[in-house]
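Biologist: I would like to learn how to read a model like this one, feature by feature. Where do we begin?

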Amino acid sequence: MTEEKKEASSTTGRAAKLARPNVLSLQPYRCARDDYSSGILLDANENALGPASLPTNSLDPYDNGMELERYPCPYQLTLKRLLCDHRNAQVGQTADNGGIQPKNVFVGVGSDEAIDLLIRIFCTPGNTSGVGDAIMITPP
């Protein structure tokens with residue numbers, strides 16, 4: 001085995017060994033924010049004029065520091081960094097000293113999204129004839 005293959009196999013981890021091959025072969029989605037960090041992103045369906053101050057006139061039309069008309073960063077890097085720093089401080093670690101790093105944190109929209117993604121990535125669809133993974137669903 002070449003050094004390159006050894007390095008690649010050691011960095012993929014268990015998840016890559018368990019994930020469905022068709023999922024591993026997918027190309028990651030690239031959004032406009034991957035290429036541009038400022039300006040009006042027309043393909044993102046954002047309001048180029050900024051938020052309206054009506055009906056309360058509570059927003060200064062010349063002060064748009066909150067950028068409410070923009071979608072948040074899809075990677076949530078700031079939030080992940082804060083979560084890692086908080087957790088690492090609790091256990092006396094840092095990201096460089098065995099602590100959690102932002103690249104290892106998943107931030108989702110509730111537990112339903114995380115559970116759904118886990119099932120889609122690791123379970124093989126099938127029918128009740130014994131082909132595919134069996135999942136028990138227990139409604140409340």
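Modeller: With Asp-116. This is a predicted model, and here Asp-116 is partly exposed, with a relative accessible area of 34%.

Biologist: Which side chain does Asp-116 meet in a salt bridge?

Modeller: A salt bridge needs a Lys or Arg side-chain nitrogen within 4 Å of a carboxyl oxygen of Asp or Glu. Here Asp-116 pairs with Arg-120, at 2.8 Å from N to O. Arg-120 counts as exposed, at 52% relative accessibility.

Biologist: Why do Asp-116 and Arg-120 sit about one helical turn apart?

Modeller: General idea: an α-helix has 3.6 residues a turn, so residues three or four places apart point the same way. The case: Asp-116 and Arg-120 are 4 residues apart in helix H5, so about one helical turn separates them.

Biologist: How many salt bridges does a search of the whole structure find?

Modeller: The search finds 1.

Biologist: Stay with H5. Which residues make the nonpolar surface patch?

Modeller: Ile-115, Ile-119, Ile-135 and Ile-137 make it, and its area is about 400 Å². A residue needs over 30% relative accessible area to join a patch. Ile-115 is partly exposed at 47%. Ile-115 is found in H5, which covers residues 110–122.

Biologist: What about the segment after H5? How far is Asp-133 from Ile-119 in space?

Modeller: Read sequence and space separately. Asp-133 and Ile-119 are 14 residues apart in sequence, and their C-alpha atoms are 9.7 Å apart. Asp-133 lies in the segment after H5. Leaving out residues up to four places away in sequence, Asp-133 touches Phe-122, Cys-123 and Thr-124. Asp-133 is partly exposed, at 41% relative accessible area.

Biologist: Now H4. How far does H4 reach from its first C-alpha to its last?

Modeller: Check the span against the rise per residue. H4 runs over residues 77–91, 15 residues in total. The helix reaches 21 Å, close to the 21 Å expected at 1.5 Å a residue.

Biologist: Which residues of H4 are buried?

Modeller: Buried means under 20% relative accessible area. In H4 that picks out Lys-80, Cys-84 and Asn-88. Seen down the helix axis, the buried residues of H4 fall within an arc of 60°, so they line one face. On the other side, Thr-78, Leu-82, His-86, Ala-89 and Gln-90 are exposed.

Biologist: Backbone angles next. What sign of phi do most residues other than glycine have?

Modeller: Negative. Gln-76 is not a glycine, yet its phi is positive, at about 50°. Gln-76 belongs to the loop between H3 (32–35) and H4, and is partly exposed, with a relative accessible area of 26%. Just after H4, Gly-92 also takes a positive phi, of about 70°.

Biologist: Zoom out. How many helices and strands does the protein have?

Modeller: There are 5 helices and 0 strands. From the N terminus on, the order is α-α-α-α-α.

Biologist: What share of the residues counts as buried?

Modeller: Of 140 residues, 10% are buried. The protein exposes about 12100 Å², and carbon and sulfur atoms supply 57% of that area.

Biologist: And what share of the contacts joins residues at least 24 apart?

Modeller: Set a minimum sequence separation before counting. Among contacts between residues at least 6 apart in sequence, 40% join residues at least 24 apart.

Note on methods: Residues numbered from 1 in each chain as written. Predicted model: local features only at pLDDT ≥ 70, side-chain atom pairs only at ≥ 80, totals over all residues. Heavy atoms only, no water. Patch = residues over 30% accessible without salt bridge, like charges linked within 9 Å, V, L, I, M, F, W, Y side chains within 5 Å. Areas by Shrake-Rupley, 256 points an atom, 1.4 Å probe, with all protein chains shown as cover. Helix = DSSP H or I, 4+ residues; strand = E, 2+ residues; numbered from the N terminus. Buried < 20%, exposed > 50% of the residue type's maximum accessible area, 1.4 Å probe, protein only. Contact = heavy atoms within 4.5 Å. Expected span 1.5 Å × (residues − 1). Arc of directions from axis to C-beta.
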